[in-house]
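Visitor: I'd like a quick walk through this one. Could you show me the model, and then I'll ask my questions?

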4 protein chains.
Amino acid sequence: MIIIMQSHCSDDQVQGVAERLAAMGMQANVSRGIERTVIGAIGDERVVDQEALEALPGVERVVRVMKPYKIVARESHDRDTVVQVGDVAIGGRALQVIAGPCSVETPEQMAAAAQAVAEAGCRLMRGGAFKPRTSPYAFQGVGVEGLRMLRDAARPHGLPVVTELMDVRMLDTFLEYGVDVIQIGTRNMQNFDLLKEVGRTHVPVILKRGLSATVSEWLMAAEYIAAGGNHNIIFCERGVRTFEDAYRNMLDVTAVPVLKRETHLPVIIDPSHAGGKAWMVPALARAAVAAGADGLLVEMHPTPAQAWSDADQALSPEELRNLMAELRGIAQVLGREL
Amino acid sequence: MIIIMQSHCSDDQVQGVAERLAAMGMQANVSRGIERTVIGAIGDERVVDQEALEALPGVERVVRVMKPYKIVARESHDRDTVVQVGDVAIGGRALQVIAGPCSVETPEQMAAAAQAVAEAGCRLMRGGAFKPRTSPYAFQGVGVEGLRMLRDAARPHGLPVVTELMDVRMLDTFLEYGVDVIQIGTRNMQNFDLLKEVGRTHVPVILKRGLSATVSEWLMAAEYIAAGGNHNIIFCERGVRTFEDAYRNMLDVTAVPVLKRETHLPVIIDPSHAGGKAWMVPALARAAVAAGADGLLVEMHPTPAQAWSDADQALSPEELRNLMAELRGIAQVLGREL
Amino acid sequence: MIIIMQSHCSDDQVQGVAERLAAMGMQANVSRGIERTVIGAIGDERVVDQEALEALPGVERVVRVMKPYKIVARESHDRDTVVQVGDVAIGGRALQVIAGPCSVETPEQMAAAAQAVAEAGCRLMRGGAFKPRTSPYAFQGVGVEGLRMLRDAARPHGLPVVTELMDVRMLDTFLEYGVDVIQIGTRNMQNFDLLKEVGRTHVPVILKRGLSATVSEWLMAAEYIAAGGNHNIIFCERGVRTFEDAYRNMLDVTAVPVLKRETHLPVIIDPSHAGGKAWMVPALARAAVAAGADGLLVEMHPTPAQAWSDADQALSPEELRNLMAELRGIAQVLGREL
Amino acid sequence: MIIIMQSHCSDDQVQGVAERLAAMGMQANVSRGIERTVIGAIGDERVVDQEALEALPGVERVVRVMKPYKIVARESHDRDTVVQVGDVAIGGRALQVIAGPCSVETPEQMAAAAQAVAEAGCRLMRGGAFKPRTSPYAFQGVGVEGLRMLRDAARPHGLPVVTELMDVRMLDTFLEYGVDVIQIGTRNMQNFDLLKEVGRTHVPVILKRGLSATVSEWLMAAEYIAAGGNHNIIFCERGVRTFEDAYRNMLDVTAVPVLKRETHLPVIIDPSHAGGKAWMVPALARAAVAAGADGLLVEMHPTPAQAWSDADQALSPEELRNLMAELRGIAQVLGREL
């Protein structure tokens, strides 16, 4: 940790910082330059309260030199982690495409969806029973019954299921219904109590990035889960909020190589929520795979225009099959499998 | 609701939209211009699924003409709503400054804080017992015991208390400890299950704006609370996330006049979390009052540099007193009281 | 054009809008809904001043139904435009990778660079003689002499050259030195006088996207060039400014399919300025090609660590060769050539 | 300057950095911590190429400790600078409100505008002869003739005039027509050739902030002007681009106290372009003055709804007079005059 002092700071102020550092268990190393005095603090900076130092008289700013995350950091674990969901491995040489409808609607819709997912060659299925909606007057999901429909549709095809947990009080129900992968949605990326509870289980977690979360905050949210003992975490980039209004969110494809460098955990991409329109999905999905993502989370509906939510962004079964074919070609170029 | 068709759409596509609208209970009014066909849909657009229309072939985009929010809308309730917290009115002619430490720490700290709050002439007190922190390794608040300390410190001065609720499972405890105003924090603005539960009580709620929430999303989040029956909602702008890195968040002072036009509910501002440094607080607080805010939520600590969290952004008791004097002058110019 | 009136507007206000529209040569079509009155305006909305309508009493907002751009719009020209630079075609089946150093430095550096560009299989060369730098104290480019060095290095390899024009007064010099493609940089995307002058020539123009320009503004900037008669325009996405600080700019890969839908002109990507670090370039370059870009603009330096500017983002000759091999594989999957 | 090395860097890499620093005339001070090696570089970091250091093997990142700006920095000049425009002082105890129409239209419109500006008690007048417009098909300003109309209208009232310079080739004409203050617009904040030319004159310059320029970049743009010898610079915040779409730009009121700390030069605010609607202007103008701005740049038109550009954001003469009265009250509270 480095403390940069203001240009005309006094000796007393430098002394004050050194004393506060000592009280925090850090050693101070004062270096007086021509224009600035800089104090190097030696010790474990993760336990130090940066704001308390910035509040001291004469301090201009404090720069951390260590990564704030530990368990999820590549520095602490050099090799790629593979998250195992039953027989399916996420994060290895094989790419995984998780497909299915935005919302669970009816047993018939789910059966048709599951068949289309399996036929396209995908190995996991998604579907939302509880839906976070901007408006209280919009369809909020079919609820618990949806967990059963999802499972019953996916099981005959051997597809593990992924579904979103919004309310911490529902966690036991999710476990009871055998949800294979818990999705933490964008709006809950920093719902710390939810993260802590999920961290106490061993169920794999897909952690979606918050709408304007920095990569660092996202890694710290994963650290909340990991700190509880659950290291089965998969990052999912799904577009961030910017000034652009030609499409819904901006897919941050740069986050893929950056995360791959910062963490050992798998990284997937949701091209459906990013662009917000079905016709953008193939281009974004190809870009994600080409950038090095370990997989995708894609919306597909047996009859998109009839979907109860996100009708405009779901692929049809045929579009999903075509996309899988394209992705296989790109995977091969990169020495991966799909 | 207006449906703008693509430039070379077919008659069948126009017919398809008209039929779908009819199935949704809307009447279609087709207008063929020189370059575009536009369909006006007459009926209650709030119950219509916009995405389902955008998924239809030939549709370019759908424009809503009505506000998506109802109960909180100025259109539905012309006069300003005053939220009553015991004897203290928020949203009337009098401005309210809610002050206190970021975190509840000890009974001594809280007693000193309460005295400083009262002496400065503030009529409500804040203090966090549960703290949302980016890092799982940072101080997470003293917990339930903090609710007691907050109440015990504030009561002798007749100050109603404001504190943040993060976990829906803690709501009953908050009610038990007599929390006067529940704060929903930035990270939970779209924690819809939490909003629904708080909507079932009648306790006044301060709803902070999400880090990158649009004004419209914020109003919809309030609508979640209001739809449950709780109309005692106070909006709190606290800075939004932008590209700027010279300070923490950008205080969106424009949100004050815009909200005042869109909703009848009170609007306050948190200048402490916006800038992130104590020296910026007076300028931002003055700007907020001058822009027409109904009050402020300000961090003050008896000894800022010793604070257990946000040490760099808390005012000292003296700084708070000086700020109150400045704000009184501005309030008077605007025909308000403090 | 659609004018949405405020909820309690008067008949006089509606009449006022209709009269103003008539004065603008538009016909008004008033539709009174249950909650809102909406006025459809029929005529050429491109010549209408939207703000003047929004200033009228009773108007809530004005929605345009037509695209504001004409010549560059896909609607006005269905087939992809191929921009010809000597023998090299940009925008056709073949992808083009334009490579070279950030800054022109010395004849030796340029000769080595040109050789590396040609050996990697690239068919155009870039190099900056005039450099836009944030600081007036940073290296500003070698100037006119750089145009000569660039041309002299590239000519023996048959490589057309691309270089940035910052100052309108330099245009004649650029033409004199035979610059094959003029680059308009990010900071000048809305330097309208520069766009107009470049529009009077027939030299192909690479128009980089402004740091926070919307796709619509970018298309309008191109329309400035096209309106002058120069239709040889190539869009270049190079990362936009967001809240993220883990890397320099966020590459907007979604802009590729969106532009391909909105315009008939070619679209390339600059992965070097986007991420800002050489190690990110291959992933971003692959993503760009996979998303459907028509080419790339890449920084390569014979000895990156010795570069006079942007040393940390230039590829080495070997890295460029390796990248080209990967890109060829992806191009093939997509039915394109490199 | 501090160089933070990667966690497993080698001794050779540390040595390489030290040698490069030596070649740049800096002295290296190596400090090996438990988890990181950090190198302090002593010397004038402003002349050092940061990217060249970041390109060296083993370097994680480079942190500057000095401000990159010199002449405009508060550090180099402690007292507030007052920019004198004829008899009018900008930056002293008195606030200055510069008012007038967006575009110069006709002699009659300008005469009426000048009278209204003077009657409201404003001491400078604005008006655009050359207009930067997003669309090439929109009104582009009346041109040179507008400079004459502006001057002829303002002179009888003793009002110095402010107008925007877009094209460097027009600078001599501006000087010839006696423009008192040159405005550099948002889109030209980093038009470095224009900044350099204006820096060679001694005419006061209003430097508007770029649409997504950081405070640091803005200060550096001013440094371009200052480095040429012209220190008569006035910063003008006019709203920045964010994700919010409830209004046009977000007024960054925090920039006022931050700039006041970083620079000795005056800071004014343009509330008209920020919100984009006339009804928002009074609230934003009051906030700006309350935050400590030295003045305002406001759009006023004799008959707003008839304005040739920005009709929806201009105040009427009466609205301007009312605003001035409110601002006088706030100025007085802050110990200033208007």
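**Barrel, contacts and axis**

Guide: Sure, and keep in mind that this is a predicted model. In chain C, 8 strands close into a barrel with parallel pairing, in the order β7-β8-β9-β10-β11-β12-β13-β14. Ignoring direction, neighbouring strands of this sheet are turned against each other by 25° on average.

Visitor: Which residue is the bridge partner of C:K208 in β12(C)?

Guide: Start with the strands: β11 (residues 205–208) and β12 (residues 233–237) of chain C run parallel and are joined by 4 bridges. For C:K208, the bridge partner in β12(C) is C:C236.

Visitor: At about what angle does helix α4 of chain C run to β9(C)?

Guide: Helix α4 of chain C covers residues 144–154 and lies across β8 (124–126) and β9 (161–164) of that chain. Relative to β9(C), the helix runs at about 165°.

Visitor: Which helix gives the largest share of the side of chain C that touches chain D?

Guide: The contact takes 37 residues from chain C and 37 residues from chain D. On the chain C side, α2 (50–54), α6 (192–199) and α7 (215–227) each supply at least two residues. The largest share there is 5 residues, and it comes from α7(C).

Visitor: And how many residues on that side of chain C are charged?

Guide: The side of chain C that touches chain D has 18 nonpolar and 6 polar residues. The charged ones on that side number 13.

Visitor: What relation does the rotation that superposes chain C on chain D have?

Guide: Chain C goes onto chain D by a rotation of 180° with 0.0 Å of shift along its axis, at an RMSD of 0.0 Å. Because of that, the relation is that of a two-fold axis.

Visitor: Which C-alpha of chain C is nearest the axis?

Guide: The same surface serves both copies, as 100% of the contact residues of chain C recur in chain D. As for the axis, the nearest C-alpha in chain C lies 3.1 Å from it and is that of C:S212.

Visitor: Where does the largest share of the side of chain D that touches chain B come from?

Guide: This contact takes 33 residues from chain D and 34 residues from chain B. Among the helices of chain D that each supply at least two residues are α8 (255–262) and α11 (317–333). The largest share, 6 residues, comes from α10(D).

Visitor: Is A:E319 buried or exposed, or something in between?

Guide: A:E319 sits in helix α11 (residues 317–333) of chain A. Buried would take 20 or more neighbours, and exposed 12 or fewer. A:E319 has 18 C-beta neighbours inside 10 Å, so it counts as partly exposed.

Note on methods: Residues are numbered from 1 along each chain as its sequence is written. Chains are lettered from A and ligands numbered from 1 in the order in which they are written. This is a predicted model: local features need pLDDT of at least 70, side-chain atom pairs count only at pLDDT 80 or more; totals for chains, interfaces and linings use all residues. Two residues are in contact if their C-beta atoms, placed from the backbone, lie within 7 Å. Ala, Val, Leu, Ile, Met, Phe, Trp, Tyr, Cys and Pro count as nonpolar, Asp, Glu, Lys and Arg as charged, and the others, Gly among them, as polar. Copies are superposed by least squares on the C-alpha atoms of residues with pLDDT of at least 70 in both. Two strands pair if DSSP finds at least two bridges between them. Axes are lines fitted to C-alpha atoms, for helices over the stretch in contact, and angles run from 0 to 180 degrees between N-to-C directions.
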